[in-house]
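User: I would like to learn how to read a few features of a protein model. Could you take me through them step by step?

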Amino acid sequence: MRQAVPACVRRRGTVRRRHLPIASTESRRLSSLPATPSPDAPPPPGGRAAGAPGAPPAYGVHGANFRFPHGFLWGASTSAHQVEGGNELNDWWDWEQAGRVPEKSGDAADHYRRYRDDFDLAQALEHNAHRFSIEWSRIEPEPGRWSDEAMAHYRDVLEALHERGMEPVVTLYHYTMPRWMAARGGWESPEMEGAFARYVDRVLGELGPLARWWITLNEPVVQVFKGWVIGQWPPGKTDWNAALKVLRNLVRAHARAYAIIHRHRPDARVSIAKHVLALSACDPKSWGDRMSVRARSWLFNHLFVNALHRGVLHLPGVFWERLPFGRTLDFLGLNYYTRDFVHNTGLDLPGWMGGTCSLDNRQYVGKLNDLGWEVYPEGLAQYLREFGRIRLPILITENGVPAREDDDRWVFLFMHLWQVARAIADGVDVVGYLHWSLLDNYEWADGYRARFGLVEVDFATQLRRIRPSAWKYAHIIRRNEL
Ligand code: FCB
């Protein structure tokens, strides 16, 4: 088993030392576990004390291993458009047909038909939780026309998870919307909030009893950025004013959905899946670059969560708005993948948000994954600690790596779980970890080349093959220990 992650990574002939200013500060604060793990060197003793006799074993360091909290949710995530196949009625399908991305989703992983077999694999891999999304365009193919077939399908999906002992975590909106809603202006339209509320009400009325964990929106800020700032995703705009309007509409849509979900299911646990991105200055000596890191971090990582938690929509120097609601999060779903380096490009809002710089000539940078994103595990502990301060349980709703080389996936998984262990040892209430993804899938503008799956999919034959990293992950889950 090749496991060790080198402290230095050799790229293009140069030796690059893995980081890292943030990690060194972090490791001083997160004292319970060392910052840099080795998959075959267990953490030193010194964690929390064991529980009372008869009680489930306490979490923390036990002898050679770190034990995760009792009832920890372990599993993987998917999203409808990326795995189901044949999602012909949404805006992303149209985007693909219009040739706006190099590859079309087509049959994807054919999961709409093969979900039972796929869940059998997840069960064999010891998963006790699973995140998936409901495709709105299947449930409501035309405005006000609800598909019984689609609703029955998702009911069956939920039952199939329960039969296999997996806790469902259900996403209501994962980037795609019905074509008819997109034609009416989508997230820019004043109709959107009401349309989304009706959809949520319908789904919860039918499926509410079958799931306790609900994610209203997947990565709302990423969607605004890709759809309205850089125009890479539908609707393909580059318009800051529209972007800010969409941001407000997303916040309101979540708050309304939160109330609806709780009306149907008072004990529901509701959140968004918030993408957090580690950020560093391209030039740490430049004041402008450092300010751009702060501005981007505020907009990208904090603004949305603050709005939902504190009821204030605030972008320093740009806008401040008290919302008629607050505390619409029962837990916090976090998606974490990588770090960007940021530089300032001007003194207006886009300038403060800045641009990203190439990793090529950087001195301190981790290994790059198949999509060229830096592998930077320390960022995960940093955000768990940072968001741990709002005192909500945290569920890691996505974390994964595009890696054709499966050893890279195992190292990534281990290194990130180590960071989760560090945060838990430091008192952060992390309640679960859902790896992205269960299956190789359609990776939006990156098509099928990015292989994120614990399970490999041959898209020509739809054959599945469990990757070795998935078995190693299963071993960790079985013992609930790292
Ligand atoms: C996240 C998305 C998910 C997938 C992963 C790789 O940002 O939520 O759909 O694309 O990235």
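**Helix pairs, the ligand shell and the backbone**

Analyst: Let us begin with one helix pair in this predicted model. The axes of helix 14 (residues 406-425) and helix 15 (residues 468-479) come within 8 Å, and they cross at roughly 25°. Because angles under 35 degrees count as roughly parallel, helix 14 is roughly parallel to helix 15.

User: Which residues of helix 14 and helix 15 make the contact?

Analyst: Helix 14 contributes Asp 406, Arg 409, Trp 410, Leu 413 and Leu 417, while helix 15 contributes Pro 468, Ser 469, Lys 472, Tyr 473 and Ile 476. Sorted by class, this contact of helix 14 with helix 15 has six nonpolar, one polar and three charged residues.

User: How are two packed helices described in general?

Analyst: Two packed helices are described by the angle between their axes and by the distance between those axes. For a second case, the axes of helix 9 (residues 220-229) and helix 10 (residues 240-264) come within 9 Å and cross at roughly 155°, which means that helix 9 is roughly antiparallel to helix 10. The crossing of helix 9 and helix 10 is right-handed. The contact involves Pro 220, Val 224, Trp 228 and Val 229 of helix 9, together with Trp 240, Ala 242, Ala 243, Val 246, Leu 247 and Leu 250 of helix 10, and by class it has ten nonpolar, no polar and no charged residues.

User: Where is Pro 235 found, and which peptide bonds should I look at?

Analyst: Pro 235 is found in the loop between helix 9 and helix 10, and a cis peptide bond with omega of about 5° joins Pro 234 and Pro 235. The peptide bond from Trp 436 to Ser 437 is also cis, with omega near 10°, and Ser 437 lies in the loop between strand 15 (430-436) and strand 16 (455-458). Trp 436 is, in addition, one of the residues that surround the ligand, among them Ser 79, His 275 and Glu 443. The shell around the ligand divides into four nonpolar, five polar and three charged residues.

User: Is Ala 211 buried or exposed?

Analyst: Ala 211 counts as buried because it has 22 C-beta neighbours inside 10 Å, where the cut-off for buried is 20 or more. Ala 211 is found in the loop between helix 8 (192-207) and strand 8 (213-218), and, leaving aside its neighbours within four places in sequence, Ala 211 is in contact with Leu 158, Pro 168 and Val 170.

Methods
Residues numbered from 1 in each chain as written. Predicted model: local features only at pLDDT ≥ 70, side-chain atom pairs only at ≥ 80, totals over all residues. Axes fitted to C-alpha atoms, helices over the stretch in contact; angles between N-to-C directions. Helix = DSSP H or I, 4+ residues; strand = E, 2+ residues; numbered from the N terminus. Parallel < 35°, antiparallel > 145°, perpendicular 65-115°, else oblique. Left-handed = near helix turned anticlockwise from the far one by under 90°. Contact = placed C-beta atoms within 7 Å. Nonpolar A, V, L, I, M, F, W, Y, C, P; charged D, E, K, R; others polar. Near = placed C-beta within 6 Å. Buried ≥ 20, exposed ≤ 12 C-beta atoms within 10 Å, placed from the backbone.
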